[in-house]
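This note is meant for a colleague who is opening the structure without having worked on it before. The points below are numbered so that each can be checked against the view.

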Amino acid sequence: MNNGARPYISVRGLYKSFGGKPVLQGVDFDVHEGQTLVILGGSGQGKSVILRHLNGLVAPDRGEIWIEGRSLTGLSEDQLYDVRRKVAMVFQLGALFDSETVYGNISYPLRELGTMSEKTMAARVAELLAMVDLKGIERLYPAELSGGMKKRVALARAIALEPRAVLYDEPTTGLDPIVTVHINELIRNLQRRLGFTSVVVTHDLKSAFTVGDRFALLDEGRIRFSGTAEEVRNTGDRLMQEFLRAAF
Amino acid sequence: MAQAFRRFLEQLGDVGLLTRECARQALRRPFEGDLLIEQLDSVGVRSLNVVNLTAIFTGMVLALQMGQFLARFGAKIYISRVMGLSLFREMGPVLTALMIGARVGAGITAEIGSMKVTEQIDAMRALASSPVKKLVVPRVVATVMMMPVLTIISDAVGLIGGLIIAVTQLGLGAGYFFTSMVQNTRLGDLTSGLGKSVFFGYLIAIIACSKGLGATGGADGVGRATTSAVVAAAIGVLVSDFFLTKLFLAIG
């Protein structure tokens, strides 16, 4: 899928410590345009920390991140806004604004643009809700939604500005198996329909195989293994095999 | 001890950096008028009951204590002068600040803190908007604007409390109480109290926002941040009151 083209997201030699405790110790990977990379790993390995580097929510101690060939190093918070409009993020628990309705949440990034009329915005919100298989819930508050609905609304909010890439932090954690299947299908369908690049962080290998094109296993702060689904199944890597055994 | 001092300096640094970012975002367009009005209502209008209740009982207690004390020297007729001075310069701004610190400060930290631990602050940043502009600026500006207003109301209600005691317990006339107070209170007494209240408003809101943005963990972390914000705001108000009093006395 990469055809030798420049990667959309590129990470080289990423190091990050928190309170003196090293979390990332030289992470390298590329994600090509339209591709879905799944980062696998156990809890507390730093998967979400990697994701937060990709839109500049966290700055690296060392290393470089390039988005569309532009380095994020040294960019101010204001300059990062441009990156974040292109690289959206879906948070683990949705991170919907409690004080806003579903409409308020999804229209938030559109309103921030300051160029859209209320009427156009309402039509766009309805269109986005339809994309995530929800309709007529604009007036509900996040507290009135189920876990699966929150994830869908969070996804609708993330794609509101038609980003070029979407980062998913544990998109199926805390959902029952049926809803998990629906969310995975939704992620896959949206990715195919809209053609954006995706990075998914998960410890759920079943979900990973549904949504991913390539897979990277994070262990002790480094990418220990990376490859396609076929390569994952045939690898001799001990930890990857343990993951496979535990999942299937 | 050294660690506690280091932590204090770090927190001071956080407040300083947040102040700078708050000033930068406050001057940037678009101005968030709706959010400011919402906060003016939350900080000001909804604090009226607690401020009034505190003020009236403070005024009544002050009049009772002062009346008893001054009566020993046959000087209870001076009660309105003493009350005017104490309420305008000290009791009004400080007690209002302590009540607002507890009510509004705690509310701000709990709200921003729970947004922080549920990743809503990160979501705002990820959606290319500034949490400082959306959350901190309206709260700081509203608290700075409402504190002098609440202080004036508190001064007036406190005087009414004092008046009730002066008339019913000390046998003074209402007319005399007010005339004596107005004749012997300078505009500087009122303005120094209002000047203090503006600074207290800034202090309460910026500490509360900083603690909220620094909250970690879950509900427990938000609880700790909230307690810490109320304590820090109260200490900040009492310590800065000393220096502001010195300043206002020096400039007359």
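1. A useful place to begin is chain B, where helix 4 (residues 79-117) packs against helix 7 (residues 174-184) of chain B at an angle of about 50 degrees, the two axes being 8 Å apart. At such an angle, helix 4 of chain B and helix 7 of chain B are therefore oblique to each other, and helix 4 of chain B passes helix 7 of chain B in a right-handed crossing. On the side of helix 4 of chain B, the contact is made by Ser80(B), Arg81(B), Met83(B) and Gly84(B), while helix 7 of chain B contributes Phe177(B), Ser180(B), Met181(B) and Asn184(B). By residue class, this contact between helix 4 of chain B and helix 7 of chain B divides into three nonpolar, four polar and one charged.

2. Please keep in mind throughout that this is a predicted model. Its scores are ipTM 0.91 and pTM 0.90, and for chain B the average pLDDT is 93, with 100% of the residues scoring at least 70.

3. Helix 4 of chain B also meets helix 3 (residues 48-72) of chain B, and here the axes come within 10 Å and cross at roughly 145 degrees. Helix 3 of chain B passes helix 4 of chain B in a right-handed crossing. Among the residues that helix 3 of chain B brings to this contact are Val50(B), Val51(B), Leu62(B) and Leu70(B), and among those from helix 4 of chain B are Ile79(B), Met83(B), Leu95(B) and Arg103(B). The residues of the contact between helix 3 of chain B and helix 4 of chain B divide into 13 nonpolar, six polar and one charged.

4. One backbone feature of chain B deserves a check by eye, namely the peptide bond from Arg29(B) to Pro30(B), which is cis, with omega near -5 degrees. Pro30(B) is found in the loop between helix 1 (2-26) and helix 2 (33-43) of chain B. As background, most peptide bonds are trans.

5. How many residues does each chain give to the contact between chain A and chain B? The contact takes 14 residues from chain A and 11 residues from chain B. On the side of chain A that touches chain B, the elements giving two or more residues are helix 2 (77-86) and helix 3 (102-113) of chain A. The residues on that side of chain A divide into nine nonpolar, two polar and three charged.

6. Turning to the sheets of chain A, six strands form an open sheet in the order 6-7-8-3-9-10, with mixed pairing. Strand 6 (87-90) and strand 10 (222-228) of chain A stand at the edges with a single partner strand each, so one side of each is left without a neighbour in the sheet. Neighbouring strands of this sheet are turned by 20 degrees against each other on average, with direction ignored.

7. At one edge of that sheet, strand 6 of chain A runs parallel to strand 7 (residues 165-169) of chain A, and four bridges join them; Ala88(A) has Val166(A) in strand 7 of chain A as its bridge partner. Helix 5 (residues 147-158) of chain A packs on the sheet and touches strand 6 and strand 7 of chain A, its direction making about 170 degrees with that of strand 6 of chain A.

8. At the other edge, strand 9 (residues 214-219) of chain A pairs with strand 10 of chain A in the antiparallel sense over six bridges, and Arg214(A) has Thr228(A) in strand 10 of chain A as its bridge partner. The hairpin of strand 9 and strand 10 of chain A has two residues between the strands, and in this hairpin Glu220(A) takes a positive phi near 50 degrees. Asp133(A), which is not a glycine, likewise has a positive phi, of about 60 degrees, and lies in the loop between helix 4 (118-131) and helix 5 of chain A.

9. Chain A also holds an open sheet of four strands in the order 2-1-4-5, with antiparallel pairing. Its edge strands are strand 2 (21-31) and strand 5 (70-71) of chain A, each of which pairs on one side only. Strand 1 (residues 9-18) and strand 2 of chain A pair in the antiparallel sense over eight bridges, with Lys16(A) standing opposite Leu24(A) in strand 2 of chain A. Helix 1 (residues 47-54) of chain A packs on this sheet, touching strand 1, strand 2 and strand 4 (62-67) of chain A, and its direction makes about 60 degrees with that of strand 2 of chain A.

Methods
Residues numbered from 1 in each chain as written. Chains lettered and ligands numbered in written order. Predicted model: local features only at pLDDT ≥ 70, side-chain atom pairs only at ≥ 80, totals over all residues. Contact = placed C-beta atoms within 7 Å. Nonpolar A, V, L, I, M, F, W, Y, C, P; charged D, E, K, R; others polar. Pairing = 2+ DSSP bridges. Axes fitted to C-alpha atoms, helices over the stretch in contact; angles between N-to-C directions. Parallel < 35°, antiparallel > 145°, perpendicular 65-115°, else oblique. Left-handed = near helix turned anticlockwise from the far one by under 90°. pLDDT = per-residue confidence, 0-100.
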